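Reader: I am new to this structure and would like a close look at one part of it. Please take a single helix and describe what surrounds it.

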Amino acid sequence: MKKHIGSILFLIIAGLIWWASISSTVRNPYADNNNPVVVVSGYVPYTLTQQLAGNTVNLIMLLPPGAEPHSFEPTPGVLVSLKHANAFIYTSNELEPWVKDLLPAVGKKTHTLELMAALPNLQDPHGWMNLQHAKTLAAEIEKILVQINPGQQLLYVENLKKFNEEIDALEQEFKQSLTACQSREVVHIGHLAFQNLTNEYGLTLTALSGSSHDGEHSAKKLAQLIEQIKEKKLPAIFTEETLSSRLAATVAQETGTQVLPLYPIEHISKKDFNANVTYNELMRRNLESLVRGLQCQA
């Protein structure tokens, strides 16, 4: 019994220390202001919320930059942040299974939003990789922001309109740029995260593993991919910036292809996080890689 009480006290103390530490940081600004606190699971809700809310909320992201989103283990301090948050926005229970253990700690007055619930029945749960789906997710976040900070409603409405306009323009770029390409096959040496993107523009996607980063891939599947690349003389393969480059480099050496990055956006490098790289910018990088790797004509 004493050991159990000691463990609880440790978690509480650790949480308070964590709370104090983030209150002095710039990126997780529990600042001395009256702004609502919004806690988000990972970079998808983070970047969309930031684009809509700007500096009108204190925004905290639970998943550290560079961390693996599917198997993340939250620290004790997360419980403290959730209890005091005005809103908690997470991607989905499927992609972030650790969230279900946090939900009991959410404050009674905290508005909770599971983003992907707005896009049910998708074969690939990474719904934001479709640009129009991203508009749907942004609209859900805007509703939450208005609820917790109604005095800024006009700003949120205007920022959502601006976001939608930028996404529509970017979608036109995708359509025009991916119309005439030497290849329409995207071979991804990573997990299955880009089907909503490739399906939209008539591309074929083959991924080495399933929808999770920790999904297993077999030597047989790898050999099949290498054979497919050689047989079809594909000019490039794709991988993710935060994954180890060793496997992609091995495939590239075997097949004589170049390796180009694709960004699933659910996680992000420390460099891009510190630079406030937005959803729009990451999707434009994806377009640039696809155009280059598929050898598309302007």
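Author: What follows describes helix α5, its two helix partners and the disulfide beyond it, and ends with the cavities. The model is predicted.

Helix α5 covers residues 153–177, and one of its partners is helix α4, residues 131–148. The two helices pack with their axes 10 Å apart, at an angle of about 175 degrees. Angles over 145 degrees count as roughly antiparallel, so α4 and α5 are roughly antiparallel. On the α4 side, the contact is made by Leu-131, Gln-132, Ala-134, Lys-135, Ala-138, Ala-139, Glu-142, Leu-145 and Val-146. On the α5 side, the residues include Tyr-156, Val-157, Leu-160, Phe-163, Ile-167, Leu-170 and Phe-174. By class, this contact has 13 nonpolar, 3 polar and 4 charged residues.

Helix α5 also packs with helix α10. The axes of α5 and α10 come within 11 Å and cross at roughly 5 degrees. Angles under 35 degrees count as roughly parallel, so α5 and α10 are roughly parallel to each other. Here α5 contributes Phe-163, Glu-166, Ile-167, Leu-170, Glu-173, Phe-174 and Ser-177. From α10 come Tyr-279, Asn-280, Met-283, Arg-284, Leu-287, Leu-290 and Val-291. The residues of this contact divide into 9 nonpolar, 2 polar and 3 charged. Phe-163, Ile-167, Leu-170 and Phe-174 of α5 take part in the contact with α4 and also in the contact with α10.

The structure holds 1 disulfide. This bond joins Cys-181 to Cys-296, with an S to S distance of 2.0 Å. Cys-181 lies in the loop between α5 and β5, and Cys-296 in the segment after α10, so the pair ties together parts that are 115 residues apart in sequence. The torsion about the S-S bond is about 95 degrees, and the disulfide is therefore right-handed.

Last, the cavities. A search of the whole structure finds 2 cavities of 30 Å³ or more. The largest has a volume of about 60 Å³. Its lining includes Glu-241, Thr-242, Tyr-263, His-267 and Leu-282. Of these, Leu-282 falls within the span of α10, residues 279–293. The lining of the largest cavity has 6 nonpolar, 3 polar and 1 charged residues. The second largest cavity has a volume of about 40 Å³. Among the residues that line this second cavity are Gly-42, Tyr-43, Thr-91 and Glu-266. By class, the lining of the second largest cavity divides into 4 nonpolar, 2 polar and 2 charged residues.

Conventions: Residues are numbered from 1 along each chain as its sequence is written. This is a predicted model: local features need pLDDT of at least 70, side-chain atom pairs count only at pLDDT 80 or more; totals for chains, interfaces and linings use all residues. Side-chain values use heavy atoms; hydrogens and water are left out. On a 1 Å grid over the protein atoms alone, a cavity is a set of points where a 1.4 Å probe fits but cannot get out, and a pocket is an open set with protein on both sides within 12 Å along at least five of seven lines; lining residues have an atom within 4 Å of a point. Grid points are joined across faces, edges and corners, and a volume is the space filled by probe spheres set on the points. Ala, Val, Leu, Ile, Met, Phe, Trp, Tyr, Cys and Pro count as nonpolar, Asp, Glu, Lys and Arg as charged, and the others, Gly among them, as polar. Axes are lines fitted to C-alpha atoms, for helices over the stretch in contact, and angles run from 0 to 180 degrees between N-to-C directions. Helices (H or I, at least four residues) and strands (E, at least two) are DSSP runs, numbered from the N terminus. Angles under 35 degrees count as roughly parallel, over 145 as roughly antiparallel, 65 to 115 as roughly perpendicular and the rest as oblique. Contact means heavy atoms within 4.5 Å. A disulfide is a pair of cysteine sulfur atoms within 2.5 Å.
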